[in-house]
Amino acid sequence: MINWIPKWIRSTPIPYYTFSIIISALYVYNPACTLFFQVSYGAMILLMALSLHFYAKQIPSGASVKVLLERAAIFILFAFAVWNVDNLMCEKLRKLRSEYLPAFLGPLLQFHAWWHVLTMISGTHSLVAVKMAWCKTNSKAMEKAGILWEIEAHFNGILPWIHFKTTEIKKAD
């Protein structure tokens, strides 16, 4: 068990799931109320970012898991900001793309697409952090099984992943 995460935090998925199910049911019941959905989504994103930040504060400074969790929080908040800009300025962005920008620059202002990309990057950082914590917790068993791992990051750390290697286990004579 990872001893630097308090027990009450490890149980936080239950409130998240409950919140999501209630909001989804209310939205299905009344889909015309998009502002309610947007505010609820914003509250969920804020809770996720705060949770990621709180998790990161529990980890010793300089640890790779801490950096991954902090980046996950930043990316999800930035993705939410981009999503809001897209919601508020969709028509203006569309006009800017079609009338003023060369065609090859148009995709850069597809903020809904950027929201998907940034959310995926945040999720990747979160998943790699969880897997890395698991690997650190189970490192002796992995070594015994001949499995080594290391974190790799490309594009200045934006796309991290864990690379697993197998080694031959030396048998005692």
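Contact here means heavy atoms within 4.5 Å. The legends below describe a predicted model.

**Figure 1. Surroundings of Trp-83 in helix 4 of the predicted model.** Leaving aside residues up to four places away in sequence, Trp-83 touches Gln-38, Tyr-41, His-112 and Trp-115. One of these partners, Trp-115, is 32 residues from Trp-83 in sequence, and the C-alpha atoms of the two tryptophans are 5.6 Å apart. Trp-83 has a relative accessibility of 7% and therefore counts as buried, the limit for this class being under 20%.

**Figure 2. Overall organisation of the protein.** The protein comprises 6 helices and 2 strands. Read from the N terminus, these elements follow the order α-α-α-α-α-α-β-β. The protein has 173 residues, of which 29% count as buried. Among contacts with a separation of 6 or more, 56% are accounted for by residues 24 or more positions apart.

**Figure 3. The largest nonpolar core.** This core has 28 residues, and Tyr-41, Val-65 and Leu-69 are those with the most contacts inside it. At least two core residues are supplied by each of helix 3 (34-57), helix 4 (64-99) and helix 5 (111-137). Helix 4 provides the largest share, with 12 residues. A close-up of Leu-69 shows contacts with Leu-52, Tyr-55, Ala-56, Ile-59 and Ala-129, residues up to four places away in sequence not being counted.

**Figure 4. Packing of helix 2 against helix 3.** The axes of helix 2 (residues 13-29) and helix 3 come within 10 Å, with a crossing angle of roughly 170 degrees. Angles over 145 degrees count as roughly antiparallel, so helix 2 and helix 3 are assigned to that class. On the side of helix 2, the contact is made by Tyr-16, Phe-19, Ser-20, Ile-23, Leu-26 and Tyr-27. Helix 3 contributes Thr-34, Phe-36, Phe-37, Ser-40, Ala-43, Met-44, Leu-47, Met-48 and Ser-51 to this contact.

**Figure 5. Packing of helix 3 against helix 4.** Here the helix axes come within 8 Å and cross at roughly 165 degrees. Helix 3 is therefore roughly antiparallel to helix 4. The crossing of helix 3 and helix 4 is left-handed. From helix 3, the residues at this meeting are Gln-38, Tyr-41, Gly-42, Ile-45, Met-48, Ala-49, Leu-52, His-53, Tyr-55, Ala-56 and Lys-57. They meet Lys-66, Leu-69, Glu-70, Ala-72, Ala-73, Ile-76, Leu-77, Phe-80, Trp-83 and Asn-87 of helix 4. Met-48 of helix 3 also takes part in the contact with helix 2.

**Figure 6. Packing of helix 4 against helix 5.** The axes of helix 4 and helix 5 come within 8 Å, crossing at roughly 165 degrees. This angle makes helix 4 roughly antiparallel to helix 5. The two helices, 4 and 5, form a left-handed crossing. Val-117 is located in helix 5. Val-117 lies 38 residues from Ala-79 in sequence, with a C-alpha to C-alpha distance of 8.1 Å between them. The relative accessible area of Val-117 is 34%, so this residue is classed as partly exposed.

**Figure 7. Surroundings of Met-132 in helix 5.** With a relative accessibility of 3%, Met-132 counts as buried. Not counting residues up to four places away in sequence, Met-132 touches Ser-64, Val-65, Leu-68, Trp-149, Ile-151 and Ile-162. Of these partners, Val-65 is among the residues with the most contacts inside the largest nonpolar core. Glu-150 is 18 residues from Met-132 in sequence, and the C-alpha atoms of Met-132 and Glu-150 are separated by 8.8 Å.

**Figure 8. Cysteine environments.** A disulfide is a covalent bond between the sulfur atoms of two cysteines. The search of the whole structure finds 0 disulfides. Cys-33 has a relative accessibility of 30% and so counts as partly exposed. Cys-135, in contrast, has a relative accessible area of 0% and is therefore buried.

Conventions
Residues are numbered from 1 along each chain as its sequence is written. This is a predicted model: local features need pLDDT of at least 70, side-chain atom pairs count only at pLDDT 80 or more; totals for chains, interfaces and linings use all residues. Side-chain values use heavy atoms; hydrogens and water are left out. A nonpolar core is a set of buried Ala, Val, Leu, Ile, Met, Phe, Trp, Tyr and Cys residues joined through side-chain atoms within 4.5 Å. Buried means under 20% relative accessible area, exposed over 50%, partly exposed in between (1.4 Å probe, protein chains only). A disulfide is a pair of cysteine sulfur atoms within 2.5 Å. Axes are lines fitted to C-alpha atoms, for helices over the stretch in contact, and angles run from 0 to 180 degrees between N-to-C directions. Angles under 35 degrees count as roughly parallel, over 145 as roughly antiparallel, 65 to 115 as roughly perpendicular and the rest as oblique. A crossing is left-handed if the near helix is turned anticlockwise from the far one by less than a right angle, and right-handed if clockwise.
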